[in-house]
Amino acid sequence: MTIKLQPKVLTGTHFKNGNWAIVEGAIASGIAEFFAYPISPASEIVEYVTYRLPAVGGKAAFIVEDEIASINMCIGASWAGSKVMTATSGPGFSLKQEGLGLAYMTETPLVCVNIQRGGPSTGLPTFSAQGDYMQVQFGSHGDYPAIALTPWSVQECFDLTITAFNISEQVRSPVILLLDGDVGRMMEQIEIPKKEDLVIINRKRPPPGTDKNSFKQFDITGQDDLVPPMAHFGEGYHIFGTGLTHKDSGVPLLDEDLHSELIHRLYKKVEINNHLYPKPEEYYLEDAEVIVIATGISARSALQAVLDAREEGLKAGLLRLITVWPFPKEQIEELAQRAELVVAEMSMGQLIWPVERYARKPCLLVSRIGGTPPSPAMILEGLKKARKK
Amino acid sequence: MTAKKKTNEIDTSTMVKNPPKKFHHPYDELLRKYAIPTIYCPGCGIGTTIQAFLEAITKYTDIPHENIVVISGIGCTGRASGYINLDGFHAIHGRAIPFASGVEIARPDIKPVIISGDGDLFSIGMGHLAHAARRNIDMTVIVINNSIYGLTGGQDAPTTPVGALTKTTPYGKISYPFNLSQIAIANGATFCARYTVYEFTPLAKAIARGMNHQGFSFIEVISNCHVNFGRRNNLGDAIAMRKQFKKARVRMTEKDINKDWHKTDIEFKVGVGFTKIPTGIFLEEKERPIEFSERIVNAYEIKKS
Amino acid sequence: MEVHQHPEKKYYLITDESRCKGCGLCIAFCPKNCLGFSDEYNDKGWRVAKMQRMRDCIKCYMCERSCPDFAIFIDENEQTEKEELLKEEKTQEEKKN
């Protein structure tokens, strides 16, 4: 079959949904492969990417046998030198957890999109939710530092996908794009910039002239950002990767001190590159006496509630988290000292856990589950209640 | 000529006290020497299979070593990739094949070789094997079948023969075992062979032939787990088990290729051991269906205007 | 490492006691019964395999190929072979002259 070559970056104004924007962001970042399993509400991503990726010269985009295979194929392709992405929803994200753990341990750059839906189990397949927040950080067994970004608009779906790829390549770690189903399927105007204006960063590679026999895949000597340069398969470096606790050469060694050193470095690596992660967005925080903290679709609702509160004379503000993991603790600590905090989310209360931990005081939860975000009226009520305390 | 008398006298006169040079094992360059000795029990068949693989890539195939990636899953065999000084990866349990598929699709010039166990590839990873064979992805799967979960201490695996005693079947295994080769063929493998660890050179040659084959190639190695399987079933030590393989193997000839692959069930008698192990190359599709990466390239052409 | 040289064919057979685990496969599968267990133990506590009757060796590679631990191997000693061939040629030339 003959297909027409399409441009890599569809510069211009479009009226599309979040899933579409994610695919465009990934293609603009230069993904070569995409492996996924169909699952509502993330199916649109795989439907669109199988149409778009071959037409821009990508290598392969297809449905694989299961969720577990898709994440492991992504890890394989990433070690062979490609930028890769996979997309899923709640149940699939649960299945991917072991693979994601391997990706954290082997420092594999990749992006995993999770369009959240109602849970637990099969739950509400076509409805929206924000209940996978904790799973991102605590879903796979053991300790690992997660990086997760949450967009709240279609425009941000595009922008943050590129940011997610840049972070994953720079930090050499998987990055989770954590959307609620509403943002994934919401139609909005989106502006795609020119190709030249996009900042695309690729992973650090061993400098030319590196001795292939003495190269170590996880060696951080001389790397200020604690990110080891990554060699790929088929280049003669004889690299080795394992999910076992390993030395900087990648060879497993089951040793207490080595394990402690390795895991501490992984955490430190994510912490030290803090400047790369998007900062939370602030709305009316200067004089706010009560602040609502929210992400994704709940934040849109919360912004309306803040505006309504201001009209009623209540000095309210909104802190919208974009990087949800690592958690922006300093900001929460600072805000908690001068204002009451309200957390609005589409779950039984997950985001409130780290907020309360760093605020060091009880915060008010505005929660609504079942597919609809907490309404502005609900959040406004919560703001008033928190003010009275 | 008179037949030499067999003596048990020790003759130390041939010993060279000051060797003229430093001697290396012929495959030392292909081994991660600091990892040797291996973690395997004395006499384990995995080490022999690793050696057969190294012999295959040095003697019988022209694939450049830097284009070979050795991938393994979890288990005793899972550690095999760590001993080979090539590009390697030690994936999670059962997921060696998806990892290899990802590597092969991203870099079609790379030849992924999976060395993993029967529990890894046929229990937890069975679904992936079926799909990789169906897609005919250009990879070589070497599955070391020792009839048991060795690393975890001898629990029964899907390959444990009926009646066999294991830690978790103290009254004898109830269900029937898989015939791994037939599963691979039924799912679309285009090359399939089986050898015991006793047949070293044919095994090495078959591995090389499988690697030279474009498409999904499958090599089953019947190995001895005398510590966990042999001991509980009175099969003796490594030597006894390998002698049993020698006796039980029924070699298929070159003429039987593509003919008798459905008559390859392994026979096992409780208390006696393996009584029949058909070995040889079972299937080699010369007029092969095109392998996957090539199909991706051929699927469409991009019009640039 | 213990090195034995075949008295006639000049190739070497090397046993590496640091790698040997004493499984006995090489001893059992040697068709000429050349190998045996040593009386000594190695660092890891295994009774290692030793070449005992190198004169009987037929260079069948059975020991090398049955060893799972890369502990016993044959060195072809091509250099010595070449040197001897050269020597033979020289002596033959001298004889001719």
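In this predicted model, Ile3(A) stands opposite Ile302(B), a residue of strand E13(B). The strands involved are E1 of chain A, residues 2–4, and E13(B), which pair in the parallel sense over three bridges.

This pairing belongs to a wider contact between the two chains, to which chain A gives 45 residues and chain B gives 39 residues. The size of an interface is often given as the accessible area lost when the parts come together. Between chain B and chain A about 3,600 Å² is buried, and carbon and sulfur atoms give 63% of that area. On the side of chain B, the residues that lose the most area to chain A are Asp87(B), Phe89(B) and Ile92(B), which together make up 15% of what that side buries.

Polar links also cross the interface. The rule finds 14 residue pairs in polar contact between chain B and chain A, both residues being at pLDDT 80 or more. The rule finds one salt bridge across this interface. Glu65(A) and Arg135(B) form a salt bridge in which the closest N and O atoms are 3.0 Å apart.

The table lists the elements of chain B that give two or more residues to the side touching chain A.

| Element of chain B | Residues |
|---|---|
| Helix H2 | 80–83 |
| Strand E3 | 87–90 |
| Helix H3 | 96–106 |
| Helix H5 | 126–135 |
| Helix H10 | 292–299 |
| Strand E13 | 301–303 |

H3(B) supplies the largest share of that side, seven residues. By kind, the residues of chain B that touch chain A divide into 16 nonpolar, 13 polar and ten charged.

Key: Residues are numbered from 1 along each chain as its sequence is written. Chains are lettered from A and ligands numbered from 1 in the order in which they are written. This is a predicted model: local features need pLDDT of at least 70, side-chain atom pairs count only at pLDDT 80 or more; totals for chains, interfaces and linings use all residues. Side-chain values use heavy atoms; hydrogens and water are left out. Contact means heavy atoms within 4.5 Å. Buried area is the accessible area (1.4 Å probe) that two parts lose on being put together, summed over both. A salt bridge is a side-chain nitrogen of Lys or Arg within 4 Å of a carboxyl oxygen of Asp or Glu. A polar contact is a pair of N or O atoms within 3.5 Å; within protein, one must be able to donate a hydrogen and the other to accept it, and residues adjacent in sequence count only if both atoms are side-chain atoms. Helices (H or I, at least four residues) and strands (E, at least two) are DSSP runs, numbered from the N terminus. Ala, Val, Leu, Ile, Met, Phe, Trp, Tyr, Cys and Pro count as nonpolar, Asp, Glu, Lys and Arg as charged, and the others, Gly among them, as polar. Two strands pair if DSSP finds at least two bridges between them.
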